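Here are some notes for a colleague who is opening this structure for the first time. They are meant to be read with the sequence and the model side by side.

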Amino acid sequence: MMSRPRMILSAVLALWACGWCSPGPVEDVRVDPYSRPQQCIREVQKGDLVRYHYNATFADGTQFDSRSIKGDYMRYHYNGTFLNGDAFDSSYNHNSTYNTYIGLGYVISGMDKGLQAGSVPGSAVLRFEVELVSLQKGVPEGYLFVWLDEMPEKIFNAMDINQDEEVPLEEFSEFIRRQVTEGKGRLKPSRDPESVIRDMFKNQDRNEDGRITADELKLKVEEDIEKETARHEEL
Ligand SMILES: [Ca+2]
Ligand SMILES: [Ca+2]
């Protein structure tokens, strides 16, 4: 079993990766800097807010504490490659980390275990076998629905199933789902297609009275043209 001073030392040494700091008032702790990253241009000062990871182990290598436990909020970078080395995704390409609570099932279980230090070494490469179950083709960015076929010439009349000159959500939803079923249109992929249809409906129900009228109905391309015209007029 290791003495307490050595335990504290382990934590402090991990900090050298981020910056220089004083060892603090504990007299029997010795700090040996192994390296100082060139990009660290300022030493840590008393009162600074410091964020750091640590791994604490006894002298025999047994881990007694780790940098992450179930429920911790973690931000991490990843590089995803196929087994032949071809890259398919990297967080660095998005200029942001992936953020999640670990150990709570928000990511696939292998990744969850990998993120919890102690179960998988920090330098580990995680391999996943993936079976393609289904593939949903997407729609262009900014679109909720695209036509794959000619759209009806009188689209409002086609939506207004009972021909009362207004289209409530029920009629709108039935119309859109029918286009998808018949292969005439494609919805933005979602676990909840109805929520996508509701969003489409809200966009069209401009006075928010729960029904779309012929005056309100506009295609996205028409809206885009109007916005572009307004933008030029502002300029
Ligand atoms: Ca109607
Ligand atoms: Ca309306």
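1. A residue is called buried when its relative accessible area is under 20%, exposed when that area is over 50%, and partly exposed in between. Please keep in mind while reading that this is a predicted model.

2. The calcium ion (ligand 2) is a good place to begin. Its coordination comes from D205 (OD), N207 (OD1), D209 (OD), R211 (O) and E216, the last of these contributing OE twice, and the distances run from 2.2 to 2.4 Å. Along the sequence, these donor residues follow the spacing D-x1-N-x1-D-x1-R-x4-E.

3. How is the arrangement around the calcium ion (ligand 2) to be described, and why? The six donor atoms subtend angles of 53 to 155 degrees, and the arrangement is therefore irregular. For comparison, ideal angles for six octahedral donors are 90 or 180 degrees.

4. Two of the donor residues can be set against the cut-offs given in the opening point. R211 has a relative accessibility of 33% and so counts as partly exposed, whereas E216, at 8%, counts as buried.

5. On annotation, the unreviewed UniProt entry places the feature "domain: EF-hand" at residues 147–182 and also at residues 192–227. Over residues 147–182 the model has 50% helix and 8% strand, with the C-alpha atoms at the two ends lying 11 Å apart.

6. The largest nonpolar core has 15 residues, and the members that touch the most others are M159, F172, I176 and L187. At least two residues of this core are supplied by each of helix 3 (155–159), helix 4 (169–181) and helix 5 (193–204), and helix 5 gives the largest share, with four residues. If neighbours within four places in sequence are left aside, I176 is in contact with F145, L187, I197 and M200. There is also a second, separate core, made of six residues, with Y76, I102, V107 and M111 among them.

7. Finally, D112 deserves a look of its own. This residue belongs to helix 2 (residues 109–115), and because its relative accessibility is 7%, D112 counts as buried. Which backbone atom does the side chain of D112 reach? The partner is the backbone nitrogen of G103, at 2.9 Å. Apart from neighbours within four places in sequence, D112 is in contact with Y101, I102, G103, L104, G105, Y106 and V107; of these residues, I102 and V107 are also included in the second core.

Methods. Residues numbered from 1 in each chain as written. Chains lettered and ligands numbered in written order. Predicted model: local features only at pLDDT ≥ 70, side-chain atom pairs only at ≥ 80, totals over all residues. Heavy atoms only, no water. Donors = N, O, S within 2.8 Å, 3.2 Å for Na, K, Ca; no water. Tetrahedral: all angles 85-135°; square planar, octahedral: opposite > 155°, others 65-115°. Buried < 20%, exposed > 50% of the residue type's maximum accessible area, 1.4 Å probe, protein only. UniProt positions renumbered as here; feature names shortened; annotations may be inferred. Core = buried A, V, L, I, M, F, W, Y, C linked by side-chain atoms within 4.5 Å. Contact = heavy atoms within 4.5 Å. Polar contact = N/O pair within 3.5 Å; in protein donor to acceptor, adjacent residues only side chain to side chain.
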